[in-house]
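Got the structure open in your viewer? Set it to cartoon, keep the selection box handy, and follow along.

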Amino acid sequence: MPCDRIEPLVTPFVDGNLPDTDRRVVEEHLRVCPPCHSRVTAEREVHDLIRARVPLLNKAEAPDALHAKCWELARHTPREAEATSRAPIAPAAAPRRLTPYALAASLVIVVGGAFVYQATDRSARVLAAELTADHLKCFALNRALGTHQGASAVESSMASGFDWRMHLPDDPQRAGLELVGSRPCMYGEGKIAHIMYRRGSDGAPVSVFMLPKSERTAELVEVLGHEAKIWCVGNRTFVLIAKEPRAEVERMASFVQASLR
């Protein structure tokens with residue numbers, strides 16, 4: 001069965017609500033399709049997170065920054081996403097809606113944000129989890145909207161939005177990277193910078209986040225199937241996130257560190 005026919009079955013499969021016949025079809029497809037297998041893994045992470053945090057969610061009140069992030073996500077989400085997610089999608093229509101990764105990321109933001117905003121000041125894993133959710137969400141939006149920025153536009157955006165006079169790495173192709181663009185993301189009680197790249201022939205997404213007025217210990221952590229390299233320069237914290245082997249993430253981070261300040 002092709003991937004676009006599997007897509008509407010993923011969530012009921014993760015929830016355990018599929019009939020045996022459909023479940024076996026999905027399982028057989030996942031054995032031979034790494035992208036769909038990764039997608040199911042992401043949804044399972046979210047499913048487990050929701051179940052584990054139900055008691056806390058019943059008591060928690062979301063902060064204003066979380067409300068703002070949810071409104072931002074809702075504003076960019078195609079209205080037909082819910083309706084089309086219940087039926088197979090023609091290949092030509094697929095780029096115009098959010099992928100299950102984006103929906104999973106949205107749930108991480110909503111479910112996680114309700115109780116971890118204070119924890120992010122202490123936990124590198126929580127920081128990495130929330131930024132990984134933003135990483136997935138922003139690349140899904142980029143695919144849906146088809147936006148692209150050049151280096152000068154990104155540098156200008158960083159200067160005007162964050163008072164950060166930075167220069168992007170010269171010749172990113174040397175590290176196998178292609179610049180996609182940048183976005184501001186909501187985080188905690190403020191705003192952070194998100195610079196997006198794609199890597200290699202398959203265009204695998206790579207994110208570099210900059211958290212202003214933040215100082216963190218250098219670490220490399222794994223969360224939600226991604227590696228997150230954290231480092232600090234002055235009063236700025238940087239986090240590079242990619243679904244790549246650790247050695248490759250370290251290599252890309254070293255390349256970026258040589259230029260960004």
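Here is a tour that goes from the sheet to its helices, then to the cores and a few loop residues.

First, some ground rules. This is a predicted model, so to speak of local features pLDDT must be at least 70, and side-chain atom pairs count only at pLDDT 80 or more, while totals for chains, interfaces and linings use all residues. Residues are numbered from 1 along each chain as its sequence is written, and side-chain values use heavy atoms, with hydrogens and water left out.

**Stop 1: the sheet**

Select the strands. Helices (H or I, at least four residues) and strands (E, at least two) are DSSP runs, numbered from the N terminus. You should find an open sheet of 6 strands, ordered β1-β2-β3-β6-β5-β4, with antiparallel pairing; two strands pair if DSSP finds at least two bridges between them. At the edges sit β1 and β4, each pairing on one side only. From one strand to the next, the twist averages 20°. (Axes here are lines fitted to C-alpha atoms, for helices over the stretch in contact, and angles run from 0 to 180 degrees between N-to-C directions.)

Now zoom in on β5 and β6: 7 bridges join this antiparallel pair. Show Trp231 as sticks, and look for its bridge partner in β6, Phe238.

**Stop 2: the helices on the sheet**

Bring up α9, which lies across β1, β2 and β3 and runs at about 20° to β1. Then add α10, whose direction makes about 30° with that of β5. It packs on the sheet, touching β1, β2, β3, β4, β5 and β6, where contact means heavy atoms within 4.5 Å.

Stay on α10 for a moment. Its 12 residues reach 16 Å from first C-alpha to last, close to the 16 Å expected at 1.5 Å a residue (the expected span is 1.5 Å times one less than the number of residues). Which residues of α10 are buried? Select Glu248, Val249, Met252, Ala253, Phe255 and Val256; buried means under 20% relative accessible area, exposed over 50%, and partly exposed in between (1.4 Å probe, protein chains only). Look down the axis of α10: the buried residues fall within an arc of 160°, so they line one face of the helix. That arc is taken from the directions from the helix axis to the C-beta atoms.

**Stop 3: the cores**

Next, the largest nonpolar core, with 26 residues. A nonpolar core is a set of buried Ala, Val, Leu, Ile, Met, Phe, Trp, Tyr and Cys residues joined through side-chain atoms within 4.5 Å. Select Trp164, Leu168, Ile195, Tyr197, Leu240 and Leu260, which have the most contacts inside this core. Among the elements giving two or more residues are α9, β1 and β2, while α10 gives the most, with 5 residues.

Click Leu260 and show its neighbors: leaving aside residues up to four places away in sequence, Leu260 touches Trp164, Met166, His167, Leu168, Pro169, Val208 and Phe238. A second, separate core has 20 residues, including Ala129, Leu131, Cys138 and Ile230.

**Stop 4: two loops and a helix end**

Go to Asp163, in the loop between α9 and β1. Asp163 is not a glycine, yet has a positive phi of about 55°; it counts as exposed at 56% relative accessibility. Then try Lys213, in the loop between β3 and β4, with a positive phi of about 50° although not a glycine. Lys213 counts as exposed at 75% relative accessibility.

Finish at Asp15, in helix α2 (residues 10-15). Asp15 counts as partly exposed, at 37% relative accessibility. Draw a distance from its C-alpha to that of Arg44: the two residues are 29 apart along the chain, and these atoms are separated by 8.4 Å.
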